[in-house]
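These are my notebook entries on a structure that I looked through step by step. I wrote down each thing I looked up, together with what I found.

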Amino acid sequence: MAGFDYRQGSLFCEDVDLATVAAEVGTPCYVYSGSLLREAYEQLQKALEPLPGGLICYALKANASLALCKILVSLGCGADVVSGGELYRALKIGFPAERIVFAGVGKTEQEIRFAINANVRLLNIESMPELELVDRTAQKLGTKARIALRVNPGVKTDTHPYVATGSKGSKFGLDLAEILPAYQHAVSLSGIQVTGLHFHLGSQITSTEPYVEALAKVVPLVQKLRGQGIPIDELDVGGGLGISYDGEETLTPEQWLAAMRDGIRRSGCKVIIEPGRVLVGSAGTLVTKVLYLKNAGAKNFLVVDTGMNDLLRPSLYRAYHQIWPLRRRKAPSILADVVGPICESADFLAQGLEIARPRLGEMLAVMNTGAYAISMSSNYNGRPRPAEVLVSGDRYAVIKRRETFEDMMANELVPDLVLEVCRGSERACREDLT
Ligand code: LLP
């Protein structure tokens with residue numbers, strides 16, 4: 001992987017020795033390559049050029065880091081958000097509202113009002129009751145909301161079922177069969193301005209077929225709608241392009257977009273894409289320290305100082321991430337499960353990993369952890385979130401400090417109600433808790 005490579009046996013991120021970062025910042029820590037992020041964006045943008053209107057709306061859910069997003073904003077990127085919190089963050093970071101699209105099956109009235117007031121480019125609507133609520137809210141605000149309906153094209157994808165969203169029976173979007181009457185109704189609503197159509201098939205998709213199949217279903221629909229005078233000008237084809245987790249070649253942005261070029265052109269629409277993983281996934285690594293090597297039931301366990309609270313993907317999807325030592329050494333290799341300190345048997349980062357027998361205190365890097373890693377982290381088991389570091393050339397800087405124990409308790413309160421429950425032992429309770 002360019003951006004992360006070995007120099008005389010030491011793993012570097014660009015021109016920075018990761019061992020230096022680990023020594024100074026401590027472990028676990030996420031380290032991101034600014035150049036890889038930038039290259040990924042520029043590659044995608046170039047691949048998008050032959051298409052009409054192309055707008056990249058980065059899916060913040062992949063990694064909403066302020067510093068990383070600032071880089072994307074400076075490159076002209078837009079944002080795909082799915083909550084009021086993400087919308088707030090996107091606006092604060094400086095994504096222009098006219099480049100923000102807002103999806104999500106469960107938008108609250110408050111979130112809808114926020115999005116309309118912010119004047120986002122597009123609200124991607126996922127159900128009829130949501131359409132009604134958006135209409136009512138826009139009318140109350142004396143305006144019209146620009147919307148796309150999200151269609152579920154009912155296509156199969158080769159991805160994990162938990163991250164497939166465009167297949168039959170999924171909670172996302174409206175069924176193809178409902179779409180025509182839904183649009184006919186939408187244009188009759190005075191708080192609604194129809195401007196687009198949206199679909200998103202899923203994530204970590206590595207073949208073009210689902211996209212081609214989806215467009216084959218959706219484009220005739222767009223043509224029909226336009227024929228009826230319903231102004232569909234923007235086709236938002238979502239995200240989903242996968243990355244290589246095992247080092248093998250995979251679908252490139254050029255191949256992905258080339259496969260859709262025909263369909264998009266025939267739709268007569270400008271295109272929006274919502275990539276997340278492909279922009280940040282390969283730009284990040286999670287550096288961790290080996291705490292113990294133990295043997296149980298003829299199995300080796302490498303116990304490290306990070307776990308499912310920092311990186312949930314292996315536990316949740318059995319996702320595979322390569323694990324590389326920070327220093328390459330000649331040592332007999334062992335087969336081991338790499339596990340974290342969390343009190344759950346699902347707390348593993350790798351199973352059956354073949355690795356040169358590490359020494360205690362040795363550092364490892366869990367690769368391709370720029371996307372859906374820190375953004376899905378938690379404080380489970382009372383563990384502060386790791387520090388995050390950005391590398392550019394031979395320099396690096398902390399972009400999020402490690403959480404502290406205080407941070408983890410900062411929002412908690414002990415109101416009098418607690419004392420009421422403690423009745424009979426109020427003193428101890430007051431002394432202990434306040
Ligand atoms: N647009 C919408 C409406 C989405 O729901 C998503 C991802 C994206 C765009 C971006 O998809 P991407 O280009 O990153 O594949 N936590 C899972 C992935 C969940 C993806 C959810 N939606 C994982 O760790 O693999």
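Entry one, a buried tyrosine. I looked up Tyr 30 and found a relative accessibility of 0%, so Tyr 30 counts as buried, the cut-off for that word being under 20%. I kept in mind that I was reading a predicted model. I then looked up Tyr 32, which has 1% relative accessibility and therefore counts as buried.

Entry two, aromatic pairs. I searched the whole structure for pairs of aromatic rings, and the search gave 3 of them. For Tyr 30 and Tyr 32, I noted ring centres 6.3 Å apart and planes at 5°, so I entered this pair as stacked, because planes under 30 degrees apart count as stacked. Which kind of pair do Tyr 211 and Trp 256 make? Their ring centres are 5.5 Å apart and their planes stand at 85°, so I entered them as edge-to-face. I also looked up where the two residues sit: Tyr 211 belongs to helix H8 (residues 209-227) and Trp 256 to helix H9 (residues 253-267), so the pair ties together parts that are 45 residues apart in sequence. Tyr 211 and Trp 256 are both buried.

Entry three, a threonine in a loop. I located Thr 369 in the loop that runs between strand S19 (363-366) and strand S20 (387-392). Is Thr 369 buried or exposed? Its relative accessible area is 0%, so I recorded Thr 369 as buried. I then looked for polar partners of its side chain, and found that a polar atom there lies 3.1 Å from the backbone nitrogen of Leu 286, while the side chain of Thr 369 also reaches the backbone oxygen of Val 366 at 3.0 Å.

Entry four, the ligand. How many residues surround the ligand? I counted 18, and the closest are Ser 203, Glu 274, Arg 313, Tyr 317 and Tyr 372. By class, this shell holds 6 nonpolar, 6 polar and 6 charged residues, and at least three residues of the shell come from each of domain 1 (4-31 + 281-409) and domain 2 (34-277).

Entry five, polar contacts of the ligand. I found a polar side-chain atom of Ser 203 at 2.4 Å from an oxygen atom of the ligand, and an N or O atom in the side chain of Tyr 372 at 2.6 Å from a ligand oxygen. From Gly 276 I noted a polar backbone atom, which is 2.9 Å from an oxygen atom of the ligand. Lastly I looked up the surface of the ligand, which exposes 590 Å² when taken alone, and the protein buries 91% of that.

Conventions: Residues are numbered from 1 along each chain as its sequence is written. This is a predicted model: local features need pLDDT of at least 70, side-chain atom pairs count only at pLDDT 80 or more; totals for chains, interfaces and linings use all residues. Side-chain values use heavy atoms; hydrogens and water are left out. A residue is near a molecule or strand if one of its heavy atoms lies within 4 Å of it. A polar contact is a pair of N or O atoms within 3.5 Å; within protein, one must be able to donate a hydrogen and the other to accept it, and residues adjacent in sequence count only if both atoms are side-chain atoms. Accessible areas come from the Shrake-Rupley method with a 1.4 Å probe; for residues, only the protein chains shown count as cover. Ala, Val, Leu, Ile, Met, Phe, Trp, Tyr, Cys and Pro count as nonpolar, Asp, Glu, Lys and Arg as charged, and the others, Gly among them, as polar. Domain bounds come from an automatic or database domain assignment. Rings of Phe, Tyr and Trp (its six-membered ring) pair if their centres lie within 6.5 Å; planes under 30 degrees apart count as stacked, over 60 as edge-to-face and the rest as tilted. Buried means under 20% relative accessible area, exposed over 50%, partly exposed in between (1.4 Å probe, protein chains only). Helices (H or I, at least four residues) and strands (E, at least two) are DSSP runs, numbered from the N terminus.
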